[in-house]
Amino acid sequence: MLSAVAIVLCLKIYLILFVMDFALGLYSFFSSFVLFNVLFFAYTKYKDPYVKVIEDKEKEEVEEKTTGRSSSAPLISIVVPVKNEEDNIRNCVESCLNQTYENKEVIIVNDGSTDKTAAILDEIRKEVGVGGSGVVVGTLPALASNRTSSTPFSTSSFTNASFTSASSSNITNNNIINKPKFHILHLSRSVGKKQAVEAASQIAKGEIYAFMDSDCDMAIDALEKAAQVFTSDKQLGALTSHGRVRGAHTGNVLQKMQDVYIDGSCRAIKAMETTFSSVTCCSGSLSFYRRAAIQHFIHDWAHDRFLGMDFKFCTDRRMTAYVLGTKPTLVRDKDEDQKGVEGEKVRANNNNTTTAFASPILQTGNDDLNTLKSTSDPDIDDTKAPQHYWNVKYSQNIRVNVGVPTTLMALLKQQIRWKKSFIRSLSSTGGMYWRRPFYPALLYYIQTAMKFLRPYILFHALFVLPFEGDIRSTILWLLGVLFTGMIYSVDFRLRNPGDRLWIYRPVFTFITTFLYTWLLPYAAATIRNKGWR
């Protein structure tokens, strides 16, 4: 596969010099150049962080497995913001509750749903709760810059939930193996995904955050594997998972095409970036963040402003960019400094910074805020900083099933949101990625430039050159597009023997080329439109 791409890359040099239109040939050359480098690093240099942990343990003859039973196992806070997902939310929540990893808490934020989502969440609460469960009522101060108004919400909190670890469709009180903390926050009006996550962060206590979209469900061992990776790599700031489309084999053509595309994007592009510990986008489907890497940024992220307005998009790229551009601070034990929320407030005042603890957005009835906000991660000492940036990686072994649009119109709306996020990320990821290792930065900036040039190239190839009589250049360029799709098809087939979905990859390559290309200028022209769906 690599040999084929290398041969075509050399052939394109000849075509540029003697056969093709120069602009079209040069663009085609860089397309193959990027493809070759992505595949080269993904298949010759990539080492799955989880596999590396297992191999290291075998070498050290360590038999203990991090399943949450060890006192050293980090607490993981699973955060799921949800709005109007009545068809998917039960499956999503149950995948959180049924994790084999024990030391976890689950926080579901109902972001003002108008369908049956709230009722389904309450049903799950009744199924899971065993004694001691209750409802706490309070207020949610305004989440924008004006914090004087308030929005009512209710929190269903229970700490003695019990269930089986099997991935069945029902949660029962039989075969109890763990008792996670389970919180449901009902917001009476929608505040958006980012501010819903911020609300959850006010009561989350984990050293590690697991952010998952409400139309997804994670593999039963996802948390267990992620915990081992974070425990073994103290420099790891973020970790993203491998996605596959839920029900792709029984779904429609769009679902099948998206499945092959998502699978290849993860295994090739994110794997390549992982060889340099510099993944540019941790997917919203399921990603993990070390609390120390993002806690002080969550408020700014949730209230992001762009072009003079609140910008609700760019959730995943913006968060990832922050981790990529910052360095771990040295930590010390809590006993060496003031503890709890008061200690956080003192440090916030001394540093003149705004932290999530210094400006709480959640305030619940008679609950003890110090108890709610206490965290298992150590206090941070900002007086010294290490030389290296946080590692940001991808693991093929941490799996998540992704819900995707099932109609063309829904797919286009999703892509327009993502294109707006990409535009916003140019000043965040693009403004700092040069600090990361040189080679992935080079590839990132080449691909970024190519995305903006693609509308011109497409128009040039389909209209200008044929009008001038140069059909040959257009045909050769189209063959290059087909070749790229076929290479990704072969990649999928080799990794998934017997799976016939590979035939959909070339088709989707043409869709991304001839349809997605025009969505970027459209997203730029309509970037002030805040519509989500």
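**A walk through the loops, cores and cavities**

Start in the loop between α8 (253-274) and β9, which is where Ser277 sits. The model is predicted. Phi of Ser277 is near 55°. That is a positive value in a residue other than glycine. Most residues other than glycine have a negative phi. Is Ser277 buried or exposed? Ser277 is buried, with a relative accessible area of 14%.

Asn84 makes a useful partner for this case. Its phi is also near 55°, again positive and again in a residue other than glycine. Asn84 belongs to the loop between β1 and α4 (89-97). Here the relative accessible area is 24%, so Asn84 counts as partly exposed. The cut-off for buried is under 20%.

Back to the loop between α8 and β9, which also holds Cys282. Cys282 is buried, at a relative accessible area of 0%. What does Cys282 touch, leaving out residues up to four places away in sequence? The list is Ala238, Thr240, Ser287, Tyr289, Asp316, Thr320 and Val392. Tyr394 is 112 residues from Cys282 along the chain. Yet the C-alpha atoms of Cys282 and Tyr394 are separated by 8.0 Å.

Now step back to the whole chain. The protein has 533 residues, and 55% of them count as buried. Its secondary structure comprises 19 helices and 14 strands. Take the contacts with a separation of 6 or more: 82% of them come from residues 24 or more positions apart. One pair that is distant in sequence is Lys57 and Ser232. They are 175 residues apart in sequence, and 9.8 Å apart in space from C-alpha to C-alpha. Lys57 lies in helix α3 (residues 49-59). Despite its charged side chain, Lys57 is buried, with a relative accessible area of 17%.

Next, the nonpolar interior. In soluble globular proteins, nonpolar side chains tend to be buried together. The largest nonpolar core here has 84 residues. Phe182, Met212, Phe288 and Ile294 have the most contacts inside it. Which helix gives the most to this core? It is α7 (residues 222-232), with six residues. Apart from this core lies another, of 28 residues. Its members include Leu15, Phe29, Ala461 and Val481.

Look at α7 itself. The helix is mostly covered, with nine of its 11 residues buried. The buried residues are Ala222, Leu223, Glu224, Lys225, Ala226, Ala227, Gln228, Val229 and Phe230. An α-helix has 3.6 residues a turn, so residues three or four places apart point the same way. In α7 the buried list takes in neighbouring positions, such as Ala226 and Ala227.

Then Met212, from the core. Neighbours within four places in sequence are left aside here. Met212 is in contact with Val79, Val80 and Pro81, and with Cys92, Ser95 and Cys96. Its contacts also include Asp217 and Met218. Gly284, Ser285, Leu286 and Val400 complete the list.

Two of those contacts of Met212 are cysteines, Cys92 and Cys96. How many disulfides are there? The count is zero. A disulfide is a covalent bond between the sulfur atoms of two cysteines. For Cys92, the nearest cysteine sulfur is that of Cys96, 4.8 Å away. The cut-off is 2.5 Å, so Cys92 is in no disulfide. Cys92 is buried, with a relative accessible area of 0%. Cys266 is buried too, at 5%. Its closest cysteine sulfur, in Cys281, is 10.0 Å away, which is too far for a bond.

Finish with the empty space. There are three cavities of 30 Å³ or more. About 130 Å³ lies in the largest cavity. Its lining has 16 residues. Closest to the centre are Lys193, Phe211, Gly284, Trp301 and Asp316. Two of these names have appeared before: Gly284 is in contact with Met212, and Asp316 is touched by Cys282.

Which elements supply at least two residues each to this lining? They are β1 (76-82), α6 (193-201), β6 (208-212), β9 (286-290) and α11 (316-324). By residue class, the lining of the largest cavity divides into nine nonpolar, four polar and three charged.

Terms used. Residues numbered from 1 in each chain as written. Predicted model: local features only at pLDDT ≥ 70, side-chain atom pairs only at ≥ 80, totals over all residues. Heavy atoms only, no water. 1 Å grid on protein atoms, 1.4 Å probe; cavity = no way out; pocket = protein on both sides within 12 Å on 5 of 7 lines; lining within 4 Å. Points joined across faces, edges and corners; volume = space filled by probe spheres on them. Helix = DSSP H or I, 4+ residues; strand = E, 2+ residues; numbered from the N terminus. Core = buried A, V, L, I, M, F, W, Y, C linked by side-chain atoms within 4.5 Å. Buried < 20%, exposed > 50% of the residue type's maximum accessible area, 1.4 Å probe, protein only. Contact = heavy atoms within 4.5 Å.
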